[in-house]
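Here are some short exercises to try with the structure open in front of you. Work through each task yourself, then compare your steps with the solution.

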Amino acid sequence: MTVIENDAGAPKDPEHASDLSGDTSGLIDPFGRHVNYVRISVTDRCDFRCVYCMAENMTFLPRRELLSLEELDRLCSTFIECGVKKLRITGGEPLVRKNIMSLFENLSRHLESGQLEELLVTTNGSQLKTHAAGLYKAGVRRINVSLDTLNADKFHEITRWGRLEQVLEGIKYAEDAGIKVKINTVALKGVNEHEITDMMEWAHDKGMDYTLIETMPLGDIDGDRTDQYLPLNTVRSRLEEKYTLTAIPYKTGGPARYLEVKETGGRLGLITPMTHNFCESCNRVRVTCTGEMYMCLGQDDKADLRTPMRQSESNEALKTAIDEAIARKPKGHDFIIDRENGAPAVSRHMSVTGG
Ligand code: SAM
Ligand code: SF4
């Protein structure tokens, strides 16, 4: 087995956690990190089949396993009561879940009360034409749209079932509705690596931030992951031949590190779970559409939140389960890509845990 990189970092010593911040309210893990950001997957289903994310013939969960929209609201609201300030709704493709807009409409009460600072969405963009205006109305002001190429044929190859035109139209609807769009691209060796410059120029020209993501070894797919993996330090060196990149302290609360691109005047984000430690400042947890909470995207430890929620109408047991899980949040991930047999480091798909 060849370890490409495994440098999960060294967060501050737990004993010195109290030195990190004067604020002792909310969810705080053993390493002193304030967990104020929850990404919640509302479905494992999707209208695309991106090659790095899913196999073409996926077996999805039986619908009864999924949290109902009422349970999702209850869970999100409990996290907010516990001090969570940012909620990202993801999937699967969140906007294909039936009646999903009612969840956004209900959650908007927490934005109005000021308890929640941001309600965010990660989407493949296919349903934005229908839902952009409703999302804005519910208080969503920023969304991430995943887009790996601007070439229609290649788009179809990567997503298997998607149509580029539909996504570009969706992005336009979101912008027209007043939502700020960030483009996320998974850097894929031999697939879109020579298009990254054009995509960055396109995004910056439209005033959108542009973020690159390394592929992560999550879940079985039909191909070989070591074929897809393109380290972002390679991409960065290539970009530096043409552009002046300067690290800036800009933060959105997510895992990206930002660079300013002098020539375009835009921002370039880099999410480098494989080559660069992004664990030290990790402020987030993920919840699956079945109510399993993962304290780290790259580890298997999880906590069942559905059972305590279904056991009682009160939220006390649920809050206890959340507190106990936060107390087990690990220091960092253990991503590796196994070159000999191509096995994923973590067997669940990104569409289960949410991106
Ligand atoms: N369907 C929505 C979308 O595509 O934006 C939301 C869910 S998707 C799982 C979230 C993000 O995860 C997308 O940006 C996608 O490109 C990324 N992703 C999926 N599988 C990945 C993998 N194995 N490695 C890195 N990123 C991945
Ligand atoms: Fe669907 Fe998003 Fe996965 Fe693509 S990355 S298959 S759009 S969940």
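**Exercise 1.** Find which residues are around ligand 2, and sort them by class.

*Solution.* Start with a search for residues that have a heavy atom within 4 Å of the ligand. In this predicted model, the search around ligand 2 gives Cys46, Phe48, Arg49, Cys50, Cys53, Gly92 and Asn124. Next, sort them: the shell has four nonpolar, two polar and one charged residues. Cysteine counts as nonpolar here and glycine as polar.

**Exercise 2.** Describe the surroundings of ligand 1: which residues come nearest, and which polar contacts can you find?

*Solution.* Step one: there are 17 residues around ligand 1, and Tyr52, Gly92, Thr123, Ser146 and Met216 come nearest. Gly92 is also on the list for ligand 2.

Step two: sort the shell of ligand 1, which gives five nonpolar, nine polar and three charged residues.

Step three: look for pairs of N or O atoms within 3.5 Å.
- Ser146 brings a polar side-chain atom to 2.5 Å from an oxygen atom of the ligand.
- Gly92 has a polar backbone atom 3.0 Å from a nitrogen atom of ligand 1.
- Thr123 places a backbone N or O atom 3.2 Å from an oxygen atom of ligand 1.

Step four: check the cover. Ligand 1 alone exposes 540 Å², and the protein buries 96% of that.

**Exercise 3.** Trace the order of the strands in the open sheet, and identify its edge strands.

*Solution.* Walk across the twelve strands: S9-S10-S11-S8-S7-S6-S5-S4-S3-S12-S13-S14, with mixed pairing. The edges are S9 (245-248) and S14 (302-304), each of which pairs on one side only. From one strand to the next, the twist averages 25°.

Now zoom in on one pair: S8 (residues 209-214) and S11 (residues 266-271) run parallel, with four bridges. Here Thr211 stands opposite Gly269 in S11.

Finally, find helix H11 (residues 316-326), which packs on the sheet and touches S12, S13 and S14. The direction of H11 makes about 25° with that of S13.

Conventions
Residues are numbered from 1 along each chain as its sequence is written. Chains are lettered from A and ligands numbered from 1 in the order in which they are written. This is a predicted model: local features need pLDDT of at least 70, side-chain atom pairs count only at pLDDT 80 or more; totals for chains, interfaces and linings use all residues. Side-chain values use heavy atoms; hydrogens and water are left out. A polar contact is a pair of N or O atoms within 3.5 Å; within protein, one must be able to donate a hydrogen and the other to accept it, and residues adjacent in sequence count only if both atoms are side-chain atoms. Accessible areas come from the Shrake-Rupley method with a 1.4 Å probe; for residues, only the protein chains shown count as cover. Two strands pair if DSSP finds at least two bridges between them. Helices (H or I, at least four residues) and strands (E, at least two) are DSSP runs, numbered from the N terminus. Axes are lines fitted to C-alpha atoms, for helices over the stretch in contact, and angles run from 0 to 180 degrees between N-to-C directions. Contact means heavy atoms within 4.5 Å.
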